[in-house]
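Work through the following exercises with the sequence and coordinates at hand. Each task is followed by a solution in steps.

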Amino acid sequence: MARPAPAQVPSAAATAGPATSAATARVEAALAKVAREAEPGTEQIRAALVEAGFPRDAIEVTASRTPTGLQADAVEAAVRQDRDCVVAQLRNGTVAVTVLAVLADGRCFAGSPA
């Protein structure tokens with residue numbers, strides 16, 4: 001018996017509207033500058049996104065330090081854009097950006113805010 005072809009799932013970026021696509025480019029550009037600096041901190045990342053024109057209350061950033069005071073391997077940041085979240089990961093001087101749906105509670109990240 002032949003296996004059915006896997007369903008094609010559209011990428012989040014393919015379904016994002018023009019405002020989310022523009023926000024994605026702004027997030028990537030703002031965080032690319034910060035990522036080049038050694039060990040960017042949570043507030044430095046948040047400030048870069050505010051400077052790029054995003055409202056502070058639409059921004060979520062994970063902790064840049066572990067509970068024991070070590071530098072985190074990666075820091076994630078997200079900006080709510082309507083029903084989407086533009087999510088970025090900063091790791092080793094690089095930025096990876098994707099678009100995900102807002103969670104049921106209206107946030108981008110589960111857990112307590114950073």
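**Exercise 1. Positive phi outside glycine**

Task: Decide whether Asn92 is buried or exposed in this predicted model, then do the same for Asp82.

Solution.

Step 1. The relative accessibility of Asn92 is 73%. The cut-off for an exposed residue is over 50%, so Asn92 counts as exposed.

Step 2. Asn92 sits in the loop that joins S3 to strand S4 (94–101). Its phi is positive, near 50°, and Asn92 is a residue other than glycine.

Step 3. Most residues other than glycine have a negative phi.

Step 4. Asp82 is also not a glycine, and its phi is positive at about 60°. This residue belongs to the loop between S2 and S3.

Step 5. With a relative accessibility of 65%, Asp82 counts as exposed.

**Exercise 2. Overall layout**

Task: State how many helices and strands the protein has, and in which pattern they follow along the sequence.

Solution.

Step 1. There are three helices and four strands.

Step 2. Along the sequence the pattern reads α-α-α-β-β-β-β.

Step 3. The protein has 114 residues, of which 32% count as buried.

Step 4. Take the contacts with a separation of 6 or more: residues 24 or more positions apart account for 40% of them.

**Exercise 3. The packing of H2 and H3**

Task: Describe how helix H2 packs with helix H3, giving the distance and the angle between the axes, and name the residues that make the contact.

Solution.

Step 1. Two packed helices are described by the angle between their axes and the distance between the axes.

Step 2. Helix H2 covers residues 18–35 and helix H3 covers residues 42–51; their axes come within 9 Å and cross at roughly 140°.

Step 3. Roughly antiparallel would require an angle over 145 degrees. H2 and H3 are therefore oblique to each other.

Step 4. The handedness of the H2 and H3 crossing is right-handed.

Step 5. On the H2 side, the contact is made by Val27, Ala30, Leu31 and Val34; on the H3 side, by Gln44, Ile45, Ala48 and Leu49.

Step 6. Sorted by class, this contact of H2 with H3 has seven nonpolar residues, one polar residue and no charged residues.

**Exercise 4. The buried face of H3**

Task: List the buried residues of H3 and explain why they line one face of the helix.

Solution.

Step 1. Thr42, Ile45, Arg46, Ala48 and Leu49 are the buried residues of H3.

Step 2. Viewed down the axis of H3, these buried residues fall within an arc of 160°, so they line one face of the helix.

Step 3. The helical repeat helps in reading such a list: an α-helix has 3.6 residues a turn, so residues three or four places apart point the same way.

Step 4. The packing partners of the buried H3 residues are H2, strand S1 (59–61), strand S2 (75–81) and strand S3 (84–91).

**Exercise 5. Two residues of H2**

Task: Classify Leu31 and Ala29 by accessibility, and say which residues Leu31 contacts beyond its neighbours within four places in sequence.

Solution.

Step 1. Leu31 is a residue of helix H2. Its relative accessibility is 0%, so Leu31 counts as buried.

Step 2. With neighbours within four places in sequence set aside, Leu31 is in contact with Ile45, Leu49, Ala77, Ala88, Leu90 and Val95.

Step 3. Leu31 and Gln44 lie 13 residues apart along the chain, and their C-alpha atoms are separated by 9.7 Å.

Step 4. Ala29 is also in helix H2. Its relative accessibility of 44% makes Ala29 partly exposed.

Step 5. From Ala29 to Val95 the C-alpha to C-alpha distance is 9.2 Å, for a pair 66 residues apart in sequence.

**Exercise 6. The loop after H3**

Task: Compare the accessibility classes of Gly53 and Arg56, and name the contacts of Arg56.

Solution.

Step 1. Gly53 follows H3 and has a positive phi, near 105°. Its place is in the loop between H3 and S1.

Step 2. Gly53 has a relative accessible area of 51% and is exposed.

Step 3. The C-alpha atoms of Gly53 and Val27 are separated by 9.6 Å, with the two residues 26 apart along the chain.

Step 4. Arg56 lies in the loop between H3 and S1. At a relative accessible area of 47%, Arg56 is partly exposed.

Step 5. Apart from neighbours within four places in sequence, Arg56 is in contact with Glu43, Arg46 and Val50.

Step 6. Arg56 and Val79, 23 residues apart in sequence, are 9.1 Å apart from C-alpha to C-alpha.

Definitions and conventions
Residues are numbered from 1 along each chain as its sequence is written. This is a predicted model: local features need pLDDT of at least 70, side-chain atom pairs count only at pLDDT 80 or more; totals for chains, interfaces and linings use all residues. Side-chain values use heavy atoms; hydrogens and water are left out. Axes are lines fitted to C-alpha atoms, for helices over the stretch in contact, and angles run from 0 to 180 degrees between N-to-C directions. Helices (H or I, at least four residues) and strands (E, at least two) are DSSP runs, numbered from the N terminus. Angles under 35 degrees count as roughly parallel, over 145 as roughly antiparallel, 65 to 115 as roughly perpendicular and the rest as oblique. A crossing is left-handed if the near helix is turned anticlockwise from the far one by less than a right angle, and right-handed if clockwise. Contact means heavy atoms within 4.5 Å. Ala, Val, Leu, Ile, Met, Phe, Trp, Tyr, Cys and Pro count as nonpolar, Asp, Glu, Lys and Arg as charged, and the others, Gly among them, as polar. Buried means under 20% relative accessible area, exposed over 50%, partly exposed in between (1.4 Å probe, protein chains only). The arc is that of the directions from the helix axis to the C-beta atoms.
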